[in-house]
Structure formats: C-alpha cells, structure tokens
Amino acid sequence: MMMSRCPQFCVVGHPNQGKSSIVSTLVENDSVRIGVESGTTEQAERFEFRMQNKVVLALTDTPGFQRARQVLAWLEQVAVAPADRPERIRAFLAEPQHQQQFPDECRLLEPIMAGSGILYVTDAANEVSRADEAEMEILRWTGQPRMALINPMSEQHNAAAWQATLSQFFQWVRVFNPMTASLPSRQALFKAMAELTPEWTADLTRLSQQLAARDQQRLLDVSLQLAEYWCRQVSRREPLLTLPPLLTDSPEVYLQQQLDQAELQLFQQLATQWGHGQAELQRDVNWELDHDQLMNTETWYLWGLQQKELLVVSGGAGMAAGAMLDMGLAGSTMMLGALTGGVLGTAGGWLASKQLPGKRLGWLPLSGKKSYVGPVKHPNFPLVVMARALTFTQLLWLRPHAERSRLALTAKASDWSRPEQVRLLQWAKQLQNDQWKSKQQQELADWISEGLQQRLKAVLQQEQQQSFL
C-alpha cells in the first residue's frame, strides 16, 4: 500500500452523488464547481486545504464511474491472489487503449494508485445495483484506505441495504451532509478518516485541533471587527464641505448611501476572510418594502423594535443613565436623575415624532451650523445595525462552503433580552455624545463575543440532537 506524506483522498463514486459538494465543504473552498446536472466534474482536480500556510489535507475531485462492470470484467480475466490485486489495477492503467476506452475510470484510479485514500460517495436513494457493486469491488482491489460516505441528498429509501453492503467493502461507513455540515460534523469525519491508517492519524487529529483553535481566534477577531464597525456606523457623520462637488442628491441621501456601502463592505470583507468569496447577500426580500438595505427605514421595525417596545427600551436607557448619576451622588437626588433621564429618553430627545422612520430621511440631523450631516439619532438605528451584522456573521459562520444559495437576513433586535437592548442604546448615546472610551469598546466587543458564542452553541447543539434522531 502506497501512502503519501500529506493526507490526501480521492472522492469517487457514481455521477451526481454530491462528490464535489463534499470536496468543497471539507477543504473550505467555494470555487469547486457544483451543479445539479450529471457530469459537472469532467477531469480529476486536486484541491488543497491550508492551515497556517501549510497544506494539511488534499482532496481530488474525480469524474464518476461510467463503465465499472467492464473494468471489473477485465481485472477478473486473470486470477490473482488478493495481495496481487493492486498490481492488477496498475496493469489495467498501463494498457494504452484503456485511456481512450475507460477515460473516467483511469482518471480516478491514477491518483488512488499514486497513494491517495478513498472517499466513496453515494446518496443511497436507489437500490444497490450490480454497477454499484462493481465500483466498490474495484476500489477494494486498490488496497488503499477507504471510507464510504452516504450523502443524504434526497430521501434515503434504501439506506439500510446500502449500509449493509458498504460495510463489506469499506473500513468505515458514515453519513455526511456537505450542505449542512458544521465544524463538529467535519471534526467527527476527520477523526474517522484518521483511523483509516496510522500514517495519517497524527496529521488529521492535528487538523481537527487547529480548526477548533482557529474558530476561537476567529470569534475574538470578528467581535473586535464588528465592534469597530458598529461604532463607525452609529457615529458616522459626513462634513458638508467634503461632499462630492457633483452631488445631485441631498446630503442626507449621501449619508444613507455611505452607510449602506459600509455595511456591504463589511459583509464582503467577512465573506472573503472566511473563504466564501462567491457568497451573495440577498438584498431584496418578499416584504414588499423595496430593497433590504440598511437605510431602508421601512424595514427598521422588522429588524429593530416596534414603537411601543422602543418607547420602553429607550426610556430604560435614559433611566439607567440617570440611575448612574444618582449612584455617583450617593443617592442625594432621590432618583430625580433617573426619572428625568427616563422621561427625556422617552418623550423628548430620540423619540420626537419627527425622528420616526419613514420613506423620507428628513429626520437625519444636521448640526447647528449645518457643517455636517449625521450621525443618525433614531434609537432603532443602533439596534438595526447590530442585528443585521450579527445575523450575517452567524449565517456565514455556519455556512458550509458547498452551500451556494444567497444569504438572507432574518433575525431582529427584538430577539434580544430587554437589558441587552437598553445596554446597546446606552452605548450608542455615550458614543454619539463623545463619552466613548477604550473600556466601553472592550465591553462592546466582549458582549458581541459572548452573544455570538451562545447563539452558535445553541445552533450546534440542535444540529447534534437532530443527528441522533
């Protein structure tokens, strides 16, 4: 049995079983071609997975078997001992006419005989056929480490029969859905792959550990990144003197465009950082409310809070500020500051009727000297900015690289607890009143990190529970 240094596997099977999807998810590469039509993969193509600039895993995406029964018939023309079967495979590949007669089989067998392990993929939807058995027997003749993956692309009417059959030809049989596989699912698969041969055990075990460490670091990095983004959006103002000279829209509309563009740039930046360069954000939805952009204020009550909720929360933010004042004065004001802050937060300041969102942006405040436009003072704005950013981050984090559908944002700030809503508005007021310090910045990043971690953990636990059903 020939083995190579870096763990590498050939992904093989009948056409249209989801082989390319498995390659894409395992090596975290969304450039792998995936199509619903049969025969998307026409040539064997190698894809490498790198960690810290080092190749840690290589997968070869191969065209499917086309004439497996004829190939097996050729192999069995000569009776050979089991130990000599790999040499018989090499003899088959050495025949010049076989490259024209059996091109697909030659393309997938060549990298296997060069030292690759085998990942055999089936969707277990149809009955096990003689052609299927021929494919599996050919792969057994190679003598290479091999695992079978059942890809639940559709309803598995014959899963039990496939399980029983596959176990006769492969060392391991696993169910793996590349369209939903999160990190724990991939780690479990890498653990099983590590047990196929001792030569790769250490490397694949290390790969699982590196992925876990990378996700921990990614959580810290993205939390800081989102905190900086939120602060920029909430405090963003555009000096009137530096606006484009040929600007045809109002300064308010220009600010709107800049805020929208900043959000899109954040999404694109995260997608590129995490290997989802081809991911698209769904910017139009079926709400009959125009496009789903950050500054489409008609959607703010879908993302943020309804007016009644907003009155309570923004009032709470003001009351909390007053309460802090009373604590600083040892309670001598008898909570007068808290009451005043609450009243101002509710009836005055942010929730004046002219500031309620609508189709027009007249509520975007200009300074007293009209020297700049912004920042946006409406209390729903900080909530909307954060809700959209966190939702996108969570969706992208959990998104397998084989998934190619457009990302649709669905969560909203009303899903958060009331203290979280109040706290975010307090931070927004401090930021816009130039009372923001490094302490608050770190508290904001920690809040984002903790919230993301809790949400991701809940989703992964649900996935694990469903996998045992």
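Let me start with helix α8, residues 183–194, which in this predicted model lies across β1, β3, β4, β5 and β6 and runs at about 150° to β5.

The sheet beneath this discussion is an open one of 6 strands, in the order β2-β3-β1-β4-β5-β6, and its pairing is mixed. At the edges stand β2, residues 45–51, and β6, residues 172–175, and because each has a single partner strand, one side of each is left without a neighbour in the sheet. From one strand to the next, the twist averages 25°. If you look at the β2 edge, you will find that β2 and β3, the latter covering residues 54–61, run antiparallel and are joined by 7 bridges, with E45 standing opposite D61 in β3. A second helix to point out is α6, residues 130–142, which packs on the sheet by touching β1 (8–13), β4 (117–122) and β5 (146–150), and whose direction makes about 170° with that of β4.

Let me now turn to a pair of helices. In general, two packed helices are described by the angle between their axes and the distance between the axes. Here the axes of α9, residues 198–234, and α15, residues 418–432, come within 10 Å and cross at roughly 60°, and the two helices are therefore oblique to each other; their crossing is right-handed.

Which residues of α9 and α15 meet? On the α9 side they are W230, C231 and V234, and on the α15 side L424, W427, A428, L431 and Q432. Taken by class, this contact has 7 nonpolar residues and 1 polar residue, with no charged residues.

Terms used: Residues numbered from 1 in each chain as written. Predicted model: local features only at pLDDT ≥ 70, side-chain atom pairs only at ≥ 80, totals over all residues. Heavy atoms only, no water. Pairing = 2+ DSSP bridges. Helix = DSSP H or I, 4+ residues; strand = E, 2+ residues; numbered from the N terminus. Axes fitted to C-alpha atoms, helices over the stretch in contact; angles between N-to-C directions. Contact = heavy atoms within 4.5 Å. Parallel < 35°, antiparallel > 145°, perpendicular 65-115°, else oblique. Left-handed = near helix turned anticlockwise from the far one by under 90°. Nonpolar A, V, L, I, M, F, W, Y, C, P; charged D, E, K, R; others polar.
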